[in-house]
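Me: I should like a close look at one part of the structure below. Please begin with a single residue and then proceed to the regions that can be connected with it.

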Amino acid sequence: MKILVTGGAGFIGSNFIFYELEKHPEDSILCVDCLTYAGNLSTLEPVMEQENFSFVKMDIRDREGIFDLFEKTRPDVVVNFAAESHVDRSIENPQVFLETNIIGTSILMDAAKAYGVKRYHQVSTDEVYGDLPMDRPDLFFYEDTPLHTSSPYSSSKASADLLVMAYHRTYGLPVTISRCSNNYGPYQFPEKLIPLMIANALADKPLPVYGEGLNIRDWLYVQDHCKAIDLILRKGRVGEVYNIGGHNEMRNIDIVKLICDELGKPYDLIRHVEDRKGHDQRYAIDPGKIHKELGWLPDTKFADGIRLTIQWYLDHKDWWENIISGDYQKYYEKMYGEGGIH
Ligand code: NAD
Ligand code: DAU
């Protein structure tokens with residue numbers, strides 16, 4: 001099987017490429033990524049020379065380039081990870097989220113339709129369901145929970161999901177969608193909660209917690225997400241949405257304190273800063289469908305996964321220290337520095 005993976009130089013896409021090459025060495029992977037601030041070619045170095053792997057630097061918004069690539073490479077399957085993925089950045093500048101996450105998706109699907117791909121898989125997010133109230137722990141997101149978004153990011157992802165379903169119904173494109181909860185693990189860009197707190201704690205810098213830190217996220221180790229997508233590609237039913245999550249709800253403040261404990265750092269590094277605008281309260285996935293239909297269950301418990309993750313960041317300082325220099329410093333100053341929005 002020839003799999004075209006977009007956004008494979010980012011966090012989840014790169015982990016997915018490693019997972020697939022290991023699990024299905026008979027398949028070949030073509031990674032397409034335009035290398036935004038979040039994409040790092042160095043991440044893919046370990047597989048760059050592998051015969052069944054190739055990389056093309058291309059923007060999914062480049063219609064001509066994408067069609068040309070499909071003409072030349074004729075992929076069997078497309079897995080679209082490429083996206084602008086950070087909520088805070090979407091609040092600052094929504095436009096690029098609409099362009100990549102919506103228009104980019106439509107261009108990929110047009111090409112998939114024109115070249116008869118056997119499966120187009122859209123990597124979506126639980127954020128398309130909006131949030132759940134804090135005082136109703138009995139409520140969960142199901143696949144038929146109405147889309148009800150809060151941020152420009154989640155709205156762009158929900159728009160893409162609607163388009164994907166429209167391409168299925170209107171043109172018969174063989175699609176699947178997965179909606180996963182918050183991922184953590186190796187190669188996550190240090191603007192996201194867990195790697196940001198690890199990097200700051202290691203440097204004895206303040207740990208910026210939005211508001212009271214009581215918001216709840218449902219954390220899943222990245223490899224468990226990759227395993228679920230792999231199953232959906234091979235066994236999932238066309239035209240279906242699959243939720244992915246491991247029933248691991250935690251408050252932000254508890255995650256930050258856990259990271260302090262693991263690294264032997266004091267809680268007085270924690271700073272409660274201005275809350276995120278439109279901040280979603282609680283996410284909680286019901287993964288019953290993917291479990292029942294495809295037998296998926298997560299392998300990694302949070303207690304193990306967070307230790308593996310912290311150890312990975314300790315062992316790969318060069319990877320993230322490179323990333324947090326340059327442009328990222330400017331972003332950080334703007335968002336968190338003196339006079340910044342948070
Ligand atoms: P990321 O920001 O780490 O990586 C995104 C990748 O896409 C980068 O390599 C970037 O260079 C590339 N990219 C961005 N715009 C592009 C464009 N126009 N053309 C080509 N490449 C482009 O994101 P991530 O956290 O790995 O998320 C991957 C996907 O998974 C996204 O679609 C996101 O919505 C979804 N998702 C993420 C999470 C999470 O917790 N991180 C959870 C559920 C779903
Ligand atoms: O749920 C899936 C989504 O998870 C994905 O679709 C997104 O791409 C991904 O970025 C993630 O979104 P979140 O907004 O939940 O993740 P983030 O790491 O930005 O924030 C997690 C929580 O931590 C959230 O409640 C905001 C809070 N936070 C975040 C940062 C960066 C802080 O308190 N301080 C911070 O500095």
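What is the relative accessible area of Leu214?

Reply: The model is a predicted one. Leu214 has a relative accessible area of 37%, and because this value lies between the limits of 20% and 50%, the residue counts as partly exposed. Leu214 sits in the loop that links strand 8 to strand 9, the latter being residues 216-218. If residues up to four places away in sequence are set aside, Leu214 touches Met134, Arg251 and Ile253. Phe189 offers a reference point for distance: 25 residues separate it from Leu214 in sequence, and their C-alpha atoms are 23 Å apart in space.

From this loop one may step back to strand 8 itself, which leads to ligand 2. Strand 8 (207-210) and helix 7 (193-202) each contribute at least two residues to the shell around this ligand. In the loop between helix 7 and strand 8 lies Asp204. The phi angle of Asp204 is near 55 degrees, a positive value in a residue that is not glycine. Most residues other than glycine have a negative phi, which is why such a value deserves notice. Asp204 is partly exposed, because its relative accessible area of 47% falls short of the 50% above which a residue counts as exposed.

The surroundings of ligand 2 comprise 25 residues, of which Thr125, Asp126, Tyr153, Arg276 and His279 come nearest. By class, this shell consists of 11 nonpolar, eight polar and six charged residues. Three polar contacts may be described individually. The side chain of Asn182 places an N or O atom 2.8 Å from an oxygen atom of the ligand. For Leu193, a backbone N or O atom is 2.8 Å from an oxygen atom of ligand 2. With Pro208, a polar backbone atom is 2.8 Å from a nitrogen atom of ligand 2. The protein covers 95% of the 690 Å² of accessible area that ligand 2 has on its own.

Tyr153, listed among the residues that come nearest to ligand 2, also leads to ligand 1. Of the 29 residues around ligand 1, those that come nearest are Ile12, Asp33, Ser85, Tyr153 and Lys157. An N or O atom in the side chain of Tyr153 is 2.6 Å from an oxygen atom of ligand 1. Two nitrogen contacts may be added: a nitrogen atom of ligand 1 is 3.0 Å from an N or O atom in the side chain of Thr100, and a nitrogen atom of the ligand is 3.2 Å from a polar backbone atom of Cys34. The protein covers 97% of the 830 Å² of accessible area that ligand 1 has on its own. Helix 1 (11-23), strand 5 (119-125) and helix 6 (152-171) are the elements that give two or more residues to this shell. Strand 5 gives the most, namely three residues. The shell as a whole divides into 14 nonpolar, 11 polar and four charged residues.

Strand 5 in turn leads to strand 4. These two strands run parallel and are joined by four bridges; the partner of Val78 in strand 5 is Tyr120. Strand 4 also pairs with strand 1 (residues 2-6), again in the parallel sense and over four bridges, and here Thr6 has Asn80 as its bridge partner. Both faces of strand 4 are covered, since Val77 and Val79 on one side, and Val78 and Asn80 on the other, are all buried.

The loops on either side of strand 4 each hold a residue of interest. Arg74 lies in the loop between helix 3 (63-73) and strand 4. Like Asp204, Arg74 is a non-glycine residue with a positive phi, here near 45 degrees. Its relative accessibility of 44% makes Arg74 partly exposed. His86 lies in the loop between strand 4 (77-80) and helix 4 (87-92). His86 counts as buried because its relative accessibility of 4% is under 20%. Apart from neighbours within four places in sequence, His86 is in contact with Tyr37, Phe97, Glu191, Lys192, Arg276 and Tyr331. Arg276 returns us to ligand 2, as it is one of the residues that come nearest to that ligand.

Note on methods:
Residues numbered from 1 in each chain as written. Chains lettered and ligands numbered in written order. Predicted model: local features only at pLDDT ≥ 70, side-chain atom pairs only at ≥ 80, totals over all residues. Heavy atoms only, no water. Near = heavy atom within 4 Å. Polar contact = N/O pair within 3.5 Å; in protein donor to acceptor, adjacent residues only side chain to side chain. Areas by Shrake-Rupley, 256 points an atom, 1.4 Å probe, with all protein chains shown as cover. Nonpolar A, V, L, I, M, F, W, Y, C, P; charged D, E, K, R; others polar. Buried < 20%, exposed > 50% of the residue type's maximum accessible area, 1.4 Å probe, protein only. Contact = heavy atoms within 4.5 Å. Pairing = 2+ DSSP bridges.
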